2 protein chains.
Amino acid sequence: MVLPRAARTQRRTRIQEEKEELILEAALEVFATHGFRGSTIDQIADVAGMSKPNLLYYFRTKEAMHRALIDRVLDSWLDPLREFDAEGNPVSEIRSYIRRKLEMARDFPRESRLFANEVLQGAPHILDELKGPLKELVDEKAEVIRSWTRAGKIAKCDPYHLIFAIWSTTQHYADFDVQVRSVLGEERSGEGRFEDAARFLEQLFIDGLAVKGDPSSA
Amino acid sequence: MVLPRAARTQRRTRIQEEKEELILEAALEVFATHGFRGSTIDQIADVAGMSKPNLLYYFRTKEAMHRALIDRVLDSWLDPLREFDAEGNPVSEIRSYIRRKLEMARDFPRESRLFANEVLQGAPHILDELKGPLKELVDEKAEVIRSWTRAGKIAKCDPYHLIFAIWSTTQHYADFDVQVRSVLGEERSGEGRFEDAARFLEQLFIDGLAVKGDPSSA
DNA sequence: TGATAATTTGACCGTTTGGTAAACACTACA
DNA sequence: TGTAGTGTTTACCAAACGGTCAAATTATCA
């Protein structure tokens with residue numbers, strides 16, 4: 001019997017596992033570079049190397065593919081922030097948060113762009129996740145940052161805008177990669193640009209948040 | 001005789017002027033929220049309040065509309081950087097550059113998103129402009145920044161990544177507006193968020209670039 | 001091996017898309 | 001007022017789109 005994919009509650013075949021992975025990989029490639037509405041099923045099928053009906057056997061709609069991808073990406077996107085530790089040293093916590101976000105931009109640029117496309121276009125599919133889980137997590141970490149400023153460990157600042165600044169500067173290297181490469185020129189477009197970015201951003205954020213007149217941070 | 005719009009070399013009618021403006025306004029709205037491939041001519045015609053063939057009388061293709069928009073936006077997008085003055089005081093130059101970029105994010109978010117969509121999707125229509133005029137302008141301003149660091153007026157840093165950081169942090173408030181609003185919550189989503197952002201970013205960049213141990217910058 | 005379920009395919013469908021043709025309406029100006 | 005252009009609309013087209021279907025093929029395992 002042919003059951004639609006979504007109705008199969010029991011265990012998945014080896015082929016199912018493999019093909020779904022193959023499709024999501026292709027879908028990521030396509031969605032990340034064209035956005036949801038700009039992508040076609042034929043395109044995805046083509047990249048995945050299978051026929052369109054075959055692809056639709058595993059994901060019944062274009063939306064289903066996108067949903068599956070978004071769910072997966074959103075979760076891993078939040079991971080670095082979750083690791084943000086209240087007990088740790090503020091300077092090294094911020095430093096390693098920047099590092100992790102920059103590593104994600106380097107190693108998973110398509111995931112970043114998928115997310116960027118979605119948010120840029122008004123986040124029609126994930127508005128609830130943004131207003132719910134994301135906001136709650138940020139609220140929690142903002143409170144951590146505030147406690148650091150109260151303790152005089154870092155300069156007084158708006159924790160939300162600090163988080164926005166870290167997000168934007170790091171993801172810039174994935175989302176606006178073409179622009180970054182264009183401006184840097186070919187000589188500086190090697191992997192080394194991530195190291196340069198890391199150095200600059202660490203300096204910017206660490207010095208920018210250092211308590212004024214505190215010699216220990218110099 | 002009906003001449004295609006592009007062939008009309010002589011002066012434009014009052015109606016032409018008005019309608020083309022109306023169309024570009026509508027096209028900006030649509031392209032900015034759906035990207036090029038995700039937008040349809042019908043959608044734009046609908047927003048502009050005219051029939052599709054009527055719209056195509058003024059712009060013969062979807063591409064022509066996009067081109068016209070991109071050209072206009074790219075130019076004004078570069079303006080703030082052009083104003084960056086080598087003779088000025090580094091701290092106030094950087095401060096007012098941030099202000100101007102933030103004002104653009106606040107007053108022209110659709111223009112910013114149009115550009116973001118284009119770059120995010122690989123800049124297929126403006127790669128030459130990025131590698132040419134944009135790169136040249138940035139190269140020039142990077143040299144200005146380098147001269148400031150050599151003169152000991154600001155901390156030593158990579159001028160390119162400094163410019164990237166200012167671009168990304170400021171444009172974030174236009175391009176990722178939905179996310180920013182979601183995280184801040186409704187109470188903080190008023191226009192005041194731009195003032196908060198300005199305060200934070202000025203602190204971050206000014207203190208982050210202050211020469212260490214220099215009391216004049218405290 | 002055979003039966004049964006899982007997978008793949010080609011042919012197809014209704015809709016949307018970018019764009020055209022030609023007729024019609026309006027406007028400016030001699 | 002007439003008429004030559006300018007502007008607008010209705011009707012249409014071929015291609016691309018998301019998705020379905022039944023038939024054919026392949027995998028699984030008793």
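From the N terminus on, in what order do the elements of chain A run? In this predicted model, the elements of chain A follow one another as α-α-α-α-α-α-α-α-α-α, and the count for chain A is accordingly given as 10 helices and zero strands. Taken along the principal axes, the box that the C-alpha atoms of chain A fill is roughly 75 × 45 × 30 Å.

The relation between the two chains can be taken next. A turn of 180°, with a shift of 0.0 Å along the axis, lays chain B on chain A with an RMSD of 0.1 Å. The two copies are thus related as by a two-fold rotation axis, and the C-alpha of chain B that is nearest this axis belongs to B:Gly208, at 1.8 Å from it.

The interface itself brings 60 residues of chain B into contact with 60 residues of chain A. The size of an interface is often given as the accessible area lost when the parts come together. Between them, chain B and chain A bury about 5,200 Å², and 65% of this area lies on carbon and sulfur atoms. Of the area that chain B buries against chain A, 14% is supplied by B:Leu120, B:His161 and B:Val183, which is more than any other three residues supply. Because 100% of the interface residues of chain B are also interface residues in chain A, the copies meet through the same surface.

Within chain B, the packing of helices may be followed by starting from α4(B), which spans residues 62-83, and α5(B), which spans residues 90-107. The axes of these two helices come within 9 Å and cross at roughly 165°; since an angle over 145 degrees counts as roughly antiparallel, α4(B) and α5(B) are therefore roughly antiparallel to each other. Their crossing is right-handed. On the α4(B) side, the contact is formed by B:Ser76, B:Trp77, B:Pro80, B:Leu81 and B:Glu83, which meet B:Glu93, B:Tyr97, B:Arg100, B:Lys101 and B:Met104 in α5(B). By class, this contact of α4(B) with α5(B) holds five nonpolar, one polar and four charged residues.

Helix α4(B) also packs with α7(B), residues 127-150, at an angle of about 5° and with the axes 11 Å apart, which makes α4(B) roughly parallel to α7(B). Here B:Arg67, B:Asp71, B:Leu74, B:Trp77, B:Leu78, B:Leu81 and B:Arg82 of α4(B) meet B:Glu129, B:Leu134, B:Leu137, B:Val138 and B:Lys141 of α7(B). The residues of this contact divide into seven nonpolar, no polar and five charged. B:Trp77 and B:Leu81 are listed both in the contact of α4(B) with α5(B) and in the contact of α4(B) with α7(B).

From α5(B) the path leads on to α8(B), which covers residues 159-175, the axes of the two helices coming within 8 Å and crossing at roughly 25°. That angle makes α5(B) roughly parallel to α8(B), and α5(B) passes α8(B) in a right-handed crossing. In this contact, B:Ile94, B:Tyr97, B:Ile98, B:Lys101, B:Leu102 and B:Ala105 of α5(B) meet B:Ile166, B:Trp167, B:Thr170, B:Gln171, B:Tyr173 and B:Ala174 of α8(B). Nine nonpolar, two polar and one charged residues make up the contact of α5(B) with α8(B). B:Tyr97 and B:Lys101 of α5(B) take part in the contact with α4(B) and also in the contact with α8(B).

How values were computed
Residues are numbered from 1 along each chain as its sequence is written. Chains are lettered from A and ligands numbered from 1 in the order in which they are written. This is a predicted model: local features need pLDDT of at least 70, side-chain atom pairs count only at pLDDT 80 or more; totals for chains, interfaces and linings use all residues. Side-chain values use heavy atoms; hydrogens and water are left out. Copies are superposed by least squares on the C-alpha atoms of residues with pLDDT of at least 70 in both. Contact means heavy atoms within 4.5 Å. Axes are lines fitted to C-alpha atoms, for helices over the stretch in contact, and angles run from 0 to 180 degrees between N-to-C directions. Helices (H or I, at least four residues) and strands (E, at least two) are DSSP runs, numbered from the N terminus. Angles under 35 degrees count as roughly parallel, over 145 as roughly antiparallel, 65 to 115 as roughly perpendicular and the rest as oblique. A crossing is left-handed if the near helix is turned anticlockwise from the far one by less than a right angle, and right-handed if clockwise. Ala, Val, Leu, Ile, Met, Phe, Trp, Tyr, Cys and Pro count as nonpolar, Asp, Glu, Lys and Arg as charged, and the others, Gly among them, as polar. Buried area is the accessible area (1.4 Å probe) that two parts lose on being put together, summed over both.
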